[in-house]
Amino acid sequence: MAKYLNRATGLLVLLVFIWGISWSIYKAALDFTPPILFAGSRTLIGGLLLALVLLPVWKRIKWRENWPAYSISALLNAVLFYGLQTAGLNYLPGGLFSVLVYFQPVLIGIFAWLWLGEKMTVFKITGLFLGFLGILVISADSLSGTLSVTGIVLGLLAALSWALGVIYVKKISLRIDSMWMVALQFIIGGIILITAGSFIENWTEITWNATYLFGLGFGSTFGIPVAFVIYFHLMNNGEASKVAAFTFLVPLIAVLTGTVFMHEPVTATLVIGLLLIVLSIYLVNRQKPPIKRLISSD
């Protein structure tokens, strides 16, 4: 048991680390590629690589009856989430943008209460309020021209699409294989993003240098298939609460990475807003401790 817990903890740390450092990696790669084509390329490649691993159980796809669900999930979790995310990184530092995107757990708290019947506790209400306050504090920099309003809006829209996607997948998880859902949503979403990017962007604008190739390679291996395989492995083995509780570490790693390696600025309002959002996410995901019964023996 202890060996399993150590392994699960190690996988969780790896997952948070992958998500945390990805923002600076993608931000650096975007200097050498159009955003939509970059999002589509790494999404499609990642989905195809995961599909190759899943080929032995291809019968679980059940395309004829499940294709509407795959398409909706692809729209929310791939086309909108990765499209908005990659476009938004052109307007804001990677660390700050990750803070906005990881407002997603707070939105999930609202949607789960509205549509899944989950309880809205005092901790969740407090967390939602602090999260909203944190967004307002961060947005204050945009009023003075320091930050991009467009970037903030794209970050919040990315969080919204991701939250809706997670809620949708949760609602249909009992009738669709979760691993094939991940693979197909990224294959479908990648095709749509590449098609859209081919019309509004130019492939010749891609600079095939080491920075771009590293970003593409990281995103299409660690960023999508590896991260999501770890994620669903932990979920399926009873580690969902830990994944939710540790999510707040991702923006911290992203901000730290961006400051150290990308020389991204850190303002007082950004720090205050970041702390509020981190506290918000923690409170929303806080698990109520079980009530222990006191048994007295005569």
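Which elements do you meet as you run along the chain from the N terminus on? Color the model by secondary structure and follow the ribbon: the order is α-α-α-α-α-α-α-α-α-α-α-α. That makes 12 helices and zero strands. Keep in mind as you click around that this is a predicted model.

**Stop 1: the whole chain**

Stay zoomed out for a moment. The chain has 298 residues, and 53% of them count as buried. Now switch on the surface. About 15000 Å² is exposed, and carbon and sulfur atoms supply 71% of that area. How do the contacts spread along the sequence? Taking contacts with a separation of 6 or more, 89% are between residues 24 or more positions apart. You'll see some of those long-range meetings on this tour.

**Stop 2: a greasy patch**

Select I45, L49, L52, L55 and W58, and show them as sticks with the surface on. Together they form a nonpolar patch on the surface, with about 490 Å² of accessible area. One member, W58, sits in the loop between α2 (35-54) and α3 (63-88). While you look at the patch, here's a handy rule: an α-helix has 3.6 residues a turn, so residues three or four places apart point the same way.

**Stop 3: along α2**

Next, pick S41, which is in helix α2. Is S41 buried or exposed? It counts as buried, because its relative accessibility is 9% and the cut-off for buried is under 20%. Leaving out residues up to four places away in sequence, S41 touches I194, W203 and L216.

Now add I191, found in helix α8 (residues 178-200). I191 and S41 are 150 residues apart along the chain, yet their C-alpha atoms are separated by 8.3 Å. Unlike S41, which is buried, I191 counts as partly exposed at 45% relative accessibility.

Staying on α2, click L48. L48 is partly exposed, with a relative accessibility of 42%. Try drawing a distance from L48 to A183: their C-alpha atoms are separated by 6.9 Å, although the two are 135 residues apart along the chain.

**Stop 4: the salt bridge**

How many salt bridges does the structure hold? One. To find it, select R60 and D177, whose side chains meet at 3.6 Å, N to O. R60 is in the loop between α2 and α3, while D177 is in the loop between α7 and α8, so the pair links distant parts of the chain, 117 residues apart. As a general point, side chains of opposite charge can pair when their charged atoms come close. R60 is partly exposed, at 47% relative accessibility.

Don't leave D177 just yet. At the start of α8, a side-chain oxygen of D177 reaches to within 3.3 Å of the backbone nitrogen of M179.

**Stop 5: an odd backbone angle**

Slide over to K62, in the loop between α2 and α3. What is special about its phi angle? Phi of K62 is near 50°, a positive value in a residue other than glycine. Most residues other than glycine have a negative phi. K62 is partly exposed, with a relative accessible area of 47%.

**Stop 6: two helices to size up**

Select α7, residues 149-172. This helix has 24 residues and reaches 35 Å from its first C-alpha to its last, close to the 34 Å expected. At its start, a side-chain oxygen of S148 comes to within 3.2 Å of the backbone nitrogen of T150.

Then select α8, with 23 residues. Its span from first C-alpha to last is 33 Å, close to the 33 Å expected.

**Stop 7: a helix tucked inside**

Hide the surface and select α4, residues 94-101. Why is this helix largely enclosed by the rest of the structure? Because eight of its eight residues are buried. Click through them: G94, G95, L96, F97, S98, V99, L100 and V101.

Two of these names come back at the last pick, A254, found in helix α11 (residues 249-261). A254 touches G20, W23, S24, G95 and S98, not counting residues up to four places away in sequence. A254 is buried, with a relative accessible area of 0%. Finish by drawing a line from A254 to W19: they are 235 residues apart in sequence and 8.0 Å apart in space, C-alpha to C-alpha.

Methods:
Residues numbered from 1 in each chain as written. Predicted model: local features only at pLDDT ≥ 70, side-chain atom pairs only at ≥ 80, totals over all residues. Heavy atoms only, no water. Helix = DSSP H or I, 4+ residues; strand = E, 2+ residues; numbered from the N terminus. Buried < 20%, exposed > 50% of the residue type's maximum accessible area, 1.4 Å probe, protein only. Contact = heavy atoms within 4.5 Å. Areas by Shrake-Rupley, 256 points an atom, 1.4 Å probe, with all protein chains shown as cover. Patch = residues over 30% accessible without salt bridge, like charges linked within 9 Å, V, L, I, M, F, W, Y side chains within 5 Å. Salt bridge = Lys/Arg side-chain N within 4 Å of Asp/Glu carboxyl O. Expected span 1.5 Å × (residues − 1). Polar contact = N/O pair within 3.5 Å; in protein donor to acceptor, adjacent residues only side chain to side chain.
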